[in-house]
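Subject: Structure handover and findings

Dear colleague,

I am passing on the structure that we discussed, together with a short account of what was found in it. Please have the model open while you read.

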Amino acid sequence: MAEPTWPRHALSIGVFEFRRSVRALWQDKAQLTLRAFGMVIPSLLTLAITIVFADTTRNIEAFAVPDMVRGMVALFWLFGVYLIAQRVVSARPRINAESLMLTTVSARTVAFGLLVAEMLRILAYAGFPVLVLTGVSVFLLGSPASLILLPVVAVLFAATVVVAGSAVGYAVALIVATSPFVARHKTILGTAATLLAMGGYFLFLYPQISGLSQAALAWIPIGWLADLAVVGTPFVGSSLQAVGVIAGSAVLLVVGGYLIERETAMFWFIEPVSPDTEGSVSALEQTAEKENPRPATRDSLTAAVTPLVVPQFVSTPVRRVAEWALMRTRRDPNRLMFLLIPVFAIGSPLVSTAVQSGSIGALGAPLTAVALPWLVGSLFAMNPLGDEGAVLPVTLTAVSGDHYVRGLIVPGLVFGLPIILLVTSLAGLVSPYTIGEQLGLVILSGYLTVVAVIVSPAIGMAFPRFSAISVGQSRDVLPPRMTAVAAHAVLILLPGALLAALLVAPRVARTVLAGVFGFAPTILLELLNSSPYGIGILSTAAGTFRAVGENIQAIGLDQL
């Protein structure tokens with residue numbers, strides 16, 4: 001039973017949690033700068049473009065809001081629900097000082113307090129863009145009503161996203177906490193759900209690929225926020241849909257709030273199931289018995305990594321290390337999330353450019369042949385010494401160094417290599433390349449996988465991480481060191497991209513090689529030589545590099 005003043009208490013909890021997030025972000029200046037740039041720069045660009053075309057904006061003719069706009073709003077809302085759900089499941093399923101909070105106030109108060117905090121975080125990120133759009137709508141479109149309606153639309157969007165996403169997230173967290181099967185296979189199931197969600201998102205985001213237009217999502221009521229946002233402007237929306245989205249949002253908030261209250265009350269007051277119903281061995285027992293394992297212990301560890309099976313022809317010590325690496329990776333997926341940073345940083349611009357230019361088929365096969373081997377090579381052995389933790393001395397005395405390193409390599413070769421060969425083959429079939437080029441990409445993907453998997457332990461041991469970091473409510477996440485991730489990416493992606501380019505686009509590869517090793521140093525040296533401090537030797541060096549670039553350009557494509 002909630003206390004009579006629970007709304008006030010929930011608001012206080014939400015504001016306090018939001019202030020804690022702000023303080024934590026303020027202490028991390030690098031993260032603060034990145035988020036500030038991501039929020040401010042797009043808004044400033046929008047404002048600058050609007051100012052440049054101010055006269056055109058003032059004289060814009062009235063036209064009806066297309067279904068494409070409603071579908072775009074609905075698509076971003078669905079993506080926001082997915083992000084909030086993932087955040088609830090992995091980072092914030094519980095409140096800090098849980099025992100104190102749940103014995104002081106009701107579960108409803110705590111649950112709604114977390115919702116308020118999450119809404120404030122979203123509004124803090126969206127505040128500046130909403131302010132810019134409100135100013136443009138009021139001063140250039142002549143719509144005083146936007147001074148109220150656009151902030152209302154932003155609040156409704158944030159509130160519905162948080163409530164819907166939290167309801168889904170707590171439902172998933174409750175299933176994980178009550179189902180041994182889901183708890184045991186949560187990494188595989190979570191990865192499949194992520195791929196499915198991201199695949200659906202990109203299918204609608206890039207209709208050039210799938211033919212699915214965003215207008216197909218216009219029927220989702222939350223997309224009608226576009227009709228509410230344009231009230232009073234030259235754009236014409238549906239009055240019925242504008243009213244409907246307000247009523248629909250109210251219903252969603254009430255129903256979602258009720259579900260969240262019930263889900264959190266169950267989730268916070270139950271004992272989570274153990275993923276090992278049959279009792280797997282501890283780390284100390286497992287590493288101590290790698291050399292002379294007992295049959296029962298072997299069966300327990302093998303069962304812990306089911307349905308994955310390390311082949312029996314692999315020697316016992318190597319197989320034990322491989323199974324231990326598989327189990328550790330499956331049970332601690334949070335540390336792998338850091339690998340997605342370079343994936344999105346590099347992959348998103350490439351995919352977006354390919355889609356816009358209509359060359360996604362030509363890019364897909366080379367990208368698969370190069371990127372997937374790097375990713376598989378990073379999964380199991382980017383921080384082997386740190387992953388062992390306190391049992392590292394036991395591990396290194398229970399097995400030899402050769403067996404230990406081979407065990408770290410086995411998962412990537414046994415499970416990653418066949419998948420990469422298959423995916424690259426399928427990507428080659430839908431590409432415009434010849435049979436020979438497709439076969440070359442498949443061979444290249446296998447070669448890069450072997451190299452990436454083998455060098456990964458060496459890089460991880462050279463740049464280990466022993467201290468855990470905090471990710472949301474998790475205080476013991478031990479991801480690979482970013483230096484190791486970056487070094488592995490440089491050693492695999494750059495040579496791999498060059499080999500792929502030599503295979504399918506030798507002219508481009510030749511131009512890049514000539515520019516990097518010849519013409520770029522030439523331009524730099526000539527600029528330095530033209531300064532007041534220039535010396536004659538710089539001119540000679542520039543000529544040498546120019547000759548290198550010209551010689552590379554003169555190499556025949558077959559010879560290259």
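The notes below go through the cores, the enclosed and open spaces, and one histidine.

Please keep in mind throughout that this is a predicted model.

I begin with the packing. The largest nonpolar core has 45 residues, and those with the most contacts inside it are V110, L225, L228, I260 and W268. Two or more residues come to this core from each of α4, α5 (98-104), α6 (107-139), α7 (146-178), α9, α11 (225-229) and α12 (239-268), and α7 gives the most, with 14 residues. To take one residue from this core, L225 touches V73, V153, L156, F157 and V245, if residues up to four places away in sequence are not counted. There is also a second, separate core of 19 residues, which includes A427, L444, L448 and A484.

Next come the spaces. The second largest pocket holds about 170 Å³ of space, and its lining consists of L75, L78, F79, Y82, A197, M198, G200, Y201, F204 and L217. Both α4 (67-90) and α9 (186-205) supply at least two residues of that lining, with α9 giving the most, at 5 residues. By class, the lining of this pocket divides into 9 nonpolar residues, 1 polar residue and no charged ones.

As for enclosed space, a search of the whole structure finds 2 cavities of 30 Å³ or more, and the second largest of the cavities has a volume of about 40 Å³. V376, G377, F380, A381, L408, I409, G412, V453, S456 and P457 line this second largest cavity, and α17 (360-379), α20 (401-429) and α21 (435-462) each supply at least two residues of the lining. That lining has 7 nonpolar, 3 polar and no charged residues.

The last item is H488, which is found in helix α22 (residues 482-504). H488 counts as buried because its relative accessibility is 0%. The side chain of H488 makes a polar contact, at 3.2 Å, with the side chain of S378. Leaving aside residues up to four places away in sequence, H488 touches W374, G377, S378, M382, A452, V455, S456 and I459; of these, G377 and S456 are also among the residues that line the second largest cavity.

With best wishes

Methods:
Residues are numbered from 1 along each chain as its sequence is written. This is a predicted model: local features need pLDDT of at least 70, side-chain atom pairs count only at pLDDT 80 or more; totals for chains, interfaces and linings use all residues. Side-chain values use heavy atoms; hydrogens and water are left out. Helices (H or I, at least four residues) and strands (E, at least two) are DSSP runs, numbered from the N terminus. Buried means under 20% relative accessible area, exposed over 50%, partly exposed in between (1.4 Å probe, protein chains only). A polar contact is a pair of N or O atoms within 3.5 Å; within protein, one must be able to donate a hydrogen and the other to accept it, and residues adjacent in sequence count only if both atoms are side-chain atoms. Contact means heavy atoms within 4.5 Å. On a 1 Å grid over the protein atoms alone, a cavity is a set of points where a 1.4 Å probe fits but cannot get out, and a pocket is an open set with protein on both sides within 12 Å along at least five of seven lines; lining residues have an atom within 4 Å of a point. Grid points are joined across faces, edges and corners, and a volume is the space filled by probe spheres set on the points. Ala, Val, Leu, Ile, Met, Phe, Trp, Tyr, Cys and Pro count as nonpolar, Asp, Glu, Lys and Arg as charged, and the others, Gly among them, as polar. A nonpolar core is a set of buried Ala, Val, Leu, Ile, Met, Phe, Trp, Tyr and Cys residues joined through side-chain atoms within 4.5 Å.
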